[in-house]
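This report walks through a few local features of one structure. The sequence and the model come first, and the text follows.

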Amino acid sequence: MRLDRDTFREILDSLLRNRSRSLLTGFGVFWGVFMLMILSGGGNGFRELLYKNFEGFAQNTCIIFPTETTMPYKGFQKGRTWTMNLTDVDRLKNMVPELETVTPLVSLWGRSVAVEDKIFTASVKGVRPDYANIETPKLVYGRYINQMDIIDDKKVCVIGKKVYKTLFPEGGDPCGKKVVMDGVYYQVVGVDYNEGNINVNGRADECVTLPMSTMSRTYNFGNDIQLLCFTAKEGIQMADITPRVRAIIARSHYVHPDDEQAMFLINTQVLFGIIDNLFKGVNFLIWLIGLGTLLAGAIGVSNIMMVSVKERTTEIGIRRAIGATPHQILWQIIAESIVLTLVAGLLGIVASVLVLAAVELGMTEDGILKATFQVSFGVAMLAALLLSVLGSLAGLAPSLRAMAIKPVDAMRDE
């Protein structure tokens, strides 16, 4: 049946005649849609905020660093300290083809970096260029450490956001200028604005990054390294290859192969997997609550429409007597239910969009939006489609009751 102008006018007349009842019924649907959109948008926003803490950090990374041995092995007593070296990098590259990036790192904390009378206490990292695959820099000026810096032992550095703001408060491009640290002058070649909260040996915004060869020579690290970071190729699970990595490192440093405490591994792939599963559960809970609220609203619509049909018994009987078919009666009641549900639901969507927009205004810093709390157009359309279905189902039982009304019975009731 099509919804022509006369039918639509009759539906509006019916809803307006029962304004208080229509408002009460519509509020239940409005509140259900409003809560569903608010929860969905809020979940998206908080997920985005959480993932900003991991911004720039590779999700399939494993970090390994040595600790004291807890088991004797090949004449060495337990409690022995040991260190990894640059040879371990080549070993892993050659013996574990599933690895994509294998890069070393050395670092120091609490080093004073100065420009004239301005001083900042920073952490210092010595890295190779491929370390950018572990912590991706967000460069606003200049470049990152490159291979020529490593080969020529160049005294250059990349500074973090807080270091830059403190040492160069006037702003502008600092590349080419000098900073002094522990009596050595370094030329600034880049500024990293990465502010993620997952970092290796110090926050990126409070860090000075040097070429590893330069730092090893300046601070007498030699071939020793403190950490070894590596990522797996696409489709490879880090948990499947870490036992082999552990065995290769342990064998080359006379560490018992079963001494897991002598070698600490951090597998970020597991961490990100836990977070993903957490938000999958949160999204499921959001939709479960929202659908439950919508269903309660639809049941309220059905009950109100049932009361409305009972009160309009005479009207429906007269319409049947003057030629209205059962299908016309059926369609009008279902259409009333759909219109009531859709109007209330769309108002709920509009209200939720306005509230989420206000939340976004409060989450703006320096003109930059921290996270998007709005629901997607697809989610809004899905909610509208769901409302149409629920409206049809809510009007089904009342419409069947209206179809069963006979003109004679209606007249007798009158």
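Contact here means heavy atoms within 4.5 Å. Leaving aside its neighbours within four places in sequence, H253 is in contact with R80, W82, T83, M84, N85 and D88. The model is a predicted one, in which local features need pLDDT of at least 70, side-chain atom pairs count only at pLDDT 80 or more, and totals for chains, interfaces and linings use all residues. Residues are numbered from 1 along each chain as its sequence is written, and side-chain values use heavy atoms, with hydrogens and water left out.

**Helix 7 and the loop after it**

Helices (H or I, at least four residues) and strands (E, at least two) are DSSP runs, numbered from the N terminus. The expected span of a helix is 1.5 Å times one less than its number of residues. For the 15 residues of helix 7 this gives 21 Å, and the end C-alpha atoms are 21 Å apart, which agrees.

A residue is called buried under 20% relative accessible area, exposed over 50%, and partly exposed in between (1.4 Å probe, protein chains only). The buried residues of helix 7 are M238, I241, T242, V245, R246, I248, I249 and A250. In general, an α-helix has 3.6 residues a turn, so residues three or four places apart point the same way.

H253 lies in the loop between helix 7 and strand 12. H253 counts as buried because its relative accessibility is 10%. Its side chain makes a polar contact with the side chain of D88, at 2.7 Å. A polar contact is a pair of N or O atoms within 3.5 Å; within protein, one must be able to donate a hydrogen and the other to accept it, and residues adjacent in sequence count only if both atoms are side-chain atoms.

**Two residues with positive phi**

Neither E116 nor Y254 is a glycine, yet each has a positive phi. Y254 comes just after helix 7.

| Residue | Phi | Loop between | Relative accessible area |
|---|---|---|---|
| E116 | about 60 degrees | strand 3 (99-115) and strand 4 (118-127) | 73%, exposed |
| Y254 | about 55 degrees | helix 7 (238-252) and strand 12 (263-267) | 44%, partly exposed |

**A residue of helix 8**

L288 lies in helix 8, which covers residues 268-311. Is L288 buried or exposed? L288 is exposed, because its relative accessible area is 51%.
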